[in-house]
Each structure stands twice: as structure tokens, then as C-alpha cells.
Amino acid sequence: MKSLRNQMTSTLLIGQFVVLVSCGSVLYLYVHHTLVMRFDDNLLVTARTFAAMSEKGDEEDEDGFPERASTIAETGEHVTDTGDFDSEFSEAKLAEFQPSPHAEYYQVWEEDGEVISRSPSLGVADLHIPGALGGDHQFFDLILPDGRRGRAVSLVFELRVETAGDGVGKNEVKGLRAEHLVVVIARSRENVDRDLEILLTGLLFVGALLVTCTVILVRWTVSRGLQPLDAVAQQAKAIDVRNLSDRFPTQSLPVELLPISQRLNELLQRLESSFRRENRFTSDVAHELRTPIAELRALTEVGLRSMGDPIEPEELAFYFQDALAIATQMESLCTTLLALARCESDQQRVDYSQSDVVAIVKEAWRAFEKEAYNKELIVNFVLPVVTILETDRALLTAIVSNLLSNAVTYTPAGGRIAVTVTDGEKQPLLSISNQNDELTNEDLTHIFEPFWRKDRSRTDSSHLGVGFAVVAAFSELLGMKVSVELPQPDQFNVSITTRAVITHLPRPNS
Amino acid sequence: MRILLIEDSKRLQTYLAKGLRQVGYAVDVAGEGEHGLWAAMENEYDVVILDLMLPKLDGISVLQRLRSEGCDTHVLIITAKDTVPERVYGFEQGADDYLVKPFAFEEFLARVQALVRRSYGIKHQRMSFGDLSIDMASQTVMRQGEELELRPREFALLELLALRSGQVVSRTEIEQHIYDERAEPMSNVVDSAMCILRKKIDQSGRPSIIHTIRGAGYMLRVPQQ
């Protein structure tokens with residue numbers, strides 16, 4: 001499983017390691033280059049000095065060629081210079097070219113490869129000239145005759161050859177003849193190597209120290225940096241159905257996590273509301289379904305237990321009346337639930353026709369007239385003559401009936417109800433306002449939820465709490481919008497607006 | 001045995017109370033929480049049957065108030081709330097039993113009877129006093145192997161004396177446990193009921209199993225041989 005902590009730690013460590021190795025390598029190479037370049041410069045200076053301090057006389061052998069340095073094979077002993085090669089360098093007998101543990105070396109060749117001079121430190125050994133010379137000098141590493149690692153420079157230089165008079169030669173210029181010689185100066189590079197070794201050791205030690213410190217620092221930093229995230233993760237892990245009211249902290253949270261925490265809190269708020277709504281719905285449905293069944297079961301079982309007892313016809317009638325009432329209640333529940341289900345699954349049929357809203361209101365009111373009279377309600381109708389709307393008459397009737405039923409049921413005895421139908425253009429098509437001092441603004445957010453009732457005990461079995469859910473579902477089908485408000489603490493308003501075309505027809509003799 | 005039924009459904013009130021009365025229980029009914037709490041605190045009930053979704057004061061609040069006031073009457077919750085957390089919460093608040101609606105009346109009755117027995121520390125549903133045996137489940141009384149025909153209230157009277165056998169049960173206690181709020185017992189109704197019960201369960205020529213303790217009440221005790 002991916003771990004943010006491990007990923008960050010490994011990325012940072014690898015990054016730090018690469019940076020350290022790169023920096024160390026660059027530093028090492030730079031110092032190496034500098035040291036070797038200085039070493040080479042010294043070598044070249046020595047070589048050029050050697051060249052400048054060398055000359056050749058006009059002594060020639062019997063064949064007319066200068067006398068050559070004899071070889072070991074010929075002489076049986078080592079010679080440093082031929083007779084005609086003259087170098088102040090060798091004459092100075094510099095200590096560094098004398099045989100010693102720290103000796104340096106030189107060797108001089110003519111163009112044809114004949115050795116004409118060598119340092120005493122070489123003894124019987126020879127240096128060698130690198131294969132291809134690019135330019136007048138070339139540096140190269142070699143193993144010195146005494147076995148040490150060394151570095152050498154080969155320099156091609158022109159040797160001034162003094163001529164006595166009428167010498168013949170193509171390089172001869174005004175009494176001087178030029179000959180190309182090659183000198184190789186070699187010396188131990190122990191000091192450079194030792195310095196580089198010290199540098200490398202230092203770099204490795206510092207690198208190891210830095211890597212160790214980096215590991216500790218990175219792990220600490222990552223852990224510290226991820227602490228707020230860990231805290232959020234722990235809190236998220238602890239959230240379940242029982243503590244949905246908990247919220248993630250937003251104070252003292254890093255700005256990077258603040259949007260996450262705020263978003264999670266919003267989601268929790270919605271989740272909590274959904275769970276509450278779900279629990280309420282489940283509980284309400286359970287009550288609405290279980291209670292009538294419990295009543296029916298108690299009724300029938302107790303009745304059966306009384307079978308042997310004498311029973312009055314009136315008492316028997318009570319049994320049947322109650323059974324019928326329970327059946328009617330359950331039928332109403334089933335019908336409503338099916339209607340809601342049809343609306344939700346877009347299976348509710350809508351038959352549009354020209355319908356008079358005023359007539360629908362008047363017709364629907366008849367069912368509640370008696371109850372309103374008994375409760376001594378003061379009902380005020382503000383109705384135009386006629387308002388024709390292209391709609392489904394049955395669904396609109398159901399909407400109006402539910403709203404009137406709600407108004408009559410929940411208006412206290414002697415209270416007022418106002419029913420207004422307008423042309424629907426600038427005002428709601430239908431408004432019903434009634435006295436009700438029990439509802440709060442919080443209640444209005446639940447009023448369209450199926451089975452929601454202000455009375456949590458749901459004692460009154462004549463209402464299911466689905467009236468507004470049906471109104472909302474049917475209104476949506478008909479393209480209408482239902483809104484509720486509490487303009488005053490004791491007044492509840494529900495209004496319906498529509499986008500449908502409304503026709504106003506004068507009704508003759510009305 | 002006297003039972004308080006706190007239930008807001010009129011039909012359940014009617015038929016549960018009717019069924020309980022059929023088997024001899026005295027049943028008081030309350031339709032909302034405040035009335036139910038008041039009744040439970042004012043009277044001595046053997047069992048309180050409590051709905052949870054009640055107007056004015058919900059069932060859980062009634063239960064909490066009962067327990068906080070020191071009332072240890074056994075409480076049977078009847079409700080449509082059937083989830084495990086809801087049941088557990090009900091028990092945690094002091095309920096003695098929990099029954100989810102809808103339920104079989106037989107089961108409801110058995111649970112009420114069990115709670116009644118627990119009120120008196122009795123675990124068995126059958127009690128014997130000499131050759132008199134009382135089966136509280138089937139509500140039958142046998143004497144020397146013969147079943148006696150007792151009316152529900154007579155059985156309730158015998159059951160109360162049996163549950164408290166060896167103890168004196170006062171007339172007031174009998175009135176409280178045998179008659180509900182609908183009844184207006186006359187001053188001598190307990191004596192009359194006791195007289196009828198004695199006639200049915202006693203055998204001629206043998207001392208009565210129910211003793212009158214003068215000035216105190218009655219006691220069911222097997223006579224010494």
C-alpha cells in the first residue's frame with residue numbers, strides 16, 4: 001500500500017543523496033582538475049626550462065653527424081649526455097634529478113628516436129615517448145622507473161645548434177642550425193594523489209555525515225509535517241454512524257489541509273443530515289406500517305379469545321368498524337406510497353387538459369367544509385371568476401386537496417384560513433395561508449420529506465405525513481413550484497407558482 | 001394484578017386492555033406520556049406497558065423519569081422501533097423487556113405474566129399449596145386433580161395471594177392490584193370476592209387455605225396437619 005510518509009521520505013532521501021553525490025563529485029573533479037593542471041603546468045615549465053637551457057655543439061663524428069649518446073650495449077655503462085648535447089640543466093646537476101627516493105626524471109631524444117640525454121636518476125631505465133604527439137607537448141601518466149605513479153610531459157623543442165662556418169643543412173640559418181628534439185620530464189604524482197585521497201576521504205566522511213543527518217532530519221520533518229494529516233486521518237478513522245456530529249478541526253490547521261478539513265466537514269454535515277432523515281424516515285415508515293398491523297393483530301387475536309363469550313352486536317360492530325378503519329388507513333398508505341414511487345420512477349401518467357383552477361379549489365373544498373365548520377374556522381376565499389390552466393386535473397386536484405386538508409387539520413379551532421387563486425403571472429397561482437403557531441423555520445426544511453410530521457409521536461392515525469411529499473412530487477410533474485414560509489410566527493403560507501400558460505376566460509352568468 | 005398501559009393508539013389501548021382484562025388483570029390506560037408518568041408514580045402497578053412514541057412526553061423520557069424517581073416497577077416497552085441500537089438503548093434506560101410491534105397477543109401476554117412473576121420473585125409459572133395447584137400461564141387451578149372454574153378476577157385474587165403466600169395482603173393492596181381505575185369497589189367488595197373464592201377452592205370439612213388476619217388482611221397458607 002502506498003504510504004505518503006514513505007514516499008516523501010524516500011523521495012527526499014534519494015534527492016538529497018543525488019545532490020550530495022553530485023556536489024561531491026563536482027568538487028572532487030574540480031579539485032582533481034586544478035591540482036593536475038598545476039602539476040602539469042609545473043612539468044611543462046620544467047620541460048620548457050630544460051629546452052631553453054639546452055644547446056648542441058658542432059662536433060661531428062667521422063660521418064659528419066654529431067656524436068650520439070652511447071647505449072648500454074655499446075659502452076657497458078650509462079652515459080647522461082652525448083658529447084655534443086649541452087644542457088645547462090644537466091650541468092647544474094639539480095638535486096631532484098639525482099638518484100634518490102623522490103627523484104624526478106628526464107630523457108631527451110632526437111627526431112630519429114636516438115636518446116641523447118637522460119637524467120642521472122633514470123639509471124639504466126628509460127622513459128618513453130607517447131605514441132602520437134598533438135601539438136608541441138603532451139601530458140601522460142606513467143609508472144616511474146622506481147615503481148611510483150608518475151606524470152610526465154613530452155615536449156618537442158627546437159635545439160639551437162651552433163655552426164662554425166660553412167655548414168650545409170636545410171635548417172641552417174645564419175650560422176645556426178635547428179634540430180627538433182623531444183624531452184620527457186617525469187615526476188612522481190604522489191603529492192597530488194595524496195591530496196586527492198585526503199579530499200576524497202573528507203568528502204566521503206562529510207557525505208556520510210550529511211546523509212545520516214539528512215535521514216534523521218527528513219524523517220523528523222516528514223513526521224512533523226504529516227502530524228496534522230495524521231490527526232485528520234485518525235479522526236476520520238474514528239467517524240462512524242454514532243458520531244456523525246463530530247467535526248474536523250479547522251483552527252491551527254495548515255493552510256494546505258484547511259480546504260480538505262472544511263470540505264470534509266461539509267460532507268459530514270450533509271451525511272449527518274441524510275442519516276437523520278433516513279433514520280427519521282425509517283422510524284416513521286416503521287410506525288406507519290407496524291402500528292396498524294399491530295392494531296389489527298391485537299383486534300383479531302383478542303376477538304378470537306372471546307369467541308366462547310357472549311358478545312353484543314354493538315361490540316361486534318366495533319370490531320368490524322375498527323378492522324375496516326385499519327384497512328382503509330393501510331390502503332391510503334399503500335396508494336400514497338405507490339403514487340410517490342411512480343413519481344420517482346417517472347411512471348406517473350400525466351393527462352393534460354384545460355382545467356379551471358377555481359373550480360378545482362371549490363370542488364376540493366367541499367370535502368373539508370364540514371370539518372372547518374365544526375372547528376369554527378374562518379375561511380376567506382379570494383378567487384377570480386375562472387383561471388384556465390393546461391394541466392392534469394386529477395393531479396392538481398390531489399395537490400389542492402392535500403393543501404386544504406393540511407390547512408384545516410392544523411389550524412387551531414376558531415383560526416383563520418385564506419385561499420387565494422390569481423392569474424399566476426406576477427403572483428403565485430395558488431396561495432393558502434393558515435394560522436399555525438407550532439411550526440418553526442427548521443420544520444420547513446423537513447416538511448416535504450415523506451412521513452415527516454411535527455408530532456413525533458404520530459398519534460393521529462388519520463394523517464400519514466406524506467401530504468406535502470405528494471404535493472411536491474405532483475407539482476414537479478406538472479412543472480409547478482411549491483414554496484412554504486412563515487411570514488409571521490403563527491402563520492404558515494404555502495404557494496404554488498407555474499410556468500404553464502394561463503388563460504382567463506370570462507364565464508357567462510357567473 | 002394491576003397493569004398500566006401507556007399507549008397513544010386508541011385501538012391498541014382498547015384491544016390490549018381488553019385482552020389483559022379477559023385474563024384477570026386490572027388495566028389502567030394512559031394515552032400520552034405525562035399522564036402515564038403521573039399514573040405510574042401515583043399508583044402501585046405490577047407491570048407498566050410503555051409505548052415509545054408518545055405525545056407530550058416520549059416513552060424513553062417517561063422511563064428515565066420513573067427510574068430517576070426510584071420507581072422499580074417492571075416496564076415492558078412495546079414499539080415499532082426494531083433496530084438493535086434502539087432496543088439496547090431501551091434496556092439501558094431501565095426497561096425490563098422489549099417487544100416490537102406487531103406482536104402476537106399470546107407472546108405479549110406471556111411477557112406480561114413473566115414480568116408479574118419477576119415482580120414477586122417467582123420463576124415458575126406453576127405453584128402448589130398442598131393439593132391446590134395454580135398454573136399462571138394457562139390460568140387454571142386444580143384441587144385434588146380437579147380443575148376449578150374461577151372467573152378472571154377470582155383467579156387474579158388467588159394469584160395475588162399465591163404470589164405473596166406466607167405474607168399478609170391487606171384489603172387496600174388487594175384493591176390496588178385487582179381493581180383498575182374503571183372499577184369503584186364497594187367497601188366490602190374484597191370480603192365478598194374472598195368469600196366467593198373460598199367457596200370455590202376450599203373443601204368441606206377442612207380448614208380454609210386462605211386465612212383472615214383480623215384487622216390486617218388475608219394470607220394464603222397451607223394449614224398445618
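This tour moves through a predicted model in steps, each naming what to select and what can be found there.

**The sheet in chain A**

Begin by selecting strands β10, β12, β13, β15 and β14 of chain A, which in that order make up an open sheet of 5 strands with mixed pairing. At the edges of this sheet you will find β10 (378-382) and β14 (480-488) of chain A, each of which pairs on one side only. If you look at how neighbouring strands are set against each other, they are turned by 10 degrees on average when direction is ignored. As background, the strands of a sheet pair through backbone hydrogen bonds, and they may do so either parallel or antiparallel.

Now narrow the selection to residues 416-421 and 430-435 of chain A, which are strands β12 and β13; these two run antiparallel and are joined by 5 bridges. Which residue is the bridge partner of V421(A) in β13(A)? Selecting L430(A) shows that partner.

**Helices against the sheet**

Add helix α7 of chain A, residues 357-374, which packs on the sheet and touches β10, β12 and β13 of chain A, while its direction makes about 165 degrees with that of β12(A). Then select residues 393-410 of chain A, where helix α8 lies across β12, β13 and β15 (491-498) of chain A and runs at about 15 degrees to β13(A).

**Where chain A touches chain B**

Show both chains together, and you can look for the 22 residues of chain A that are in contact with 21 residues of chain B. On the side of chain A that touches chain B, helix α5 (residues 258-305) of chain A gives the most, with 14 residues. Coloured by character, the residues of that side of chain A divide into 6 nonpolar, 7 polar and 9 charged.

**Inside chain B**

Select chain B alone, whose secondary structure comes to 8 helices and 11 strands. Of the 225 residues of chain B, 40% count as buried.

Within chain B, pick out helix α6 (residues 152-163) and helix α8 (residues 189-201), whose axes come within 10 Å and cross at roughly 85 degrees. Because of that crossing angle, α6(B) is roughly perpendicular to α8(B). To see the contact itself, display R153(B), E154(B), L157(B) and L158(B) from α6(B), together with A193(B), I196(B), L197(B), K200(B) and I201(B) from α8(B). The residues of this contact divide into 6 nonpolar, no polar and 3 charged.

How values were computed. Residues numbered from 1 in each chain as written. Chains lettered and ligands numbered in written order. Predicted model: local features only at pLDDT ≥ 70, side-chain atom pairs only at ≥ 80, totals over all residues. Pairing = 2+ DSSP bridges. Helix = DSSP H or I, 4+ residues; strand = E, 2+ residues; numbered from the N terminus. Axes fitted to C-alpha atoms, helices over the stretch in contact; angles between N-to-C directions. Contact = placed C-beta atoms within 7 Å. Parallel < 35°, antiparallel > 145°, perpendicular 65-115°, else oblique. Nonpolar A, V, L, I, M, F, W, Y, C, P; charged D, E, K, R; others polar. Buried ≥ 20, exposed ≤ 12 C-beta atoms within 10 Å, placed from the backbone.
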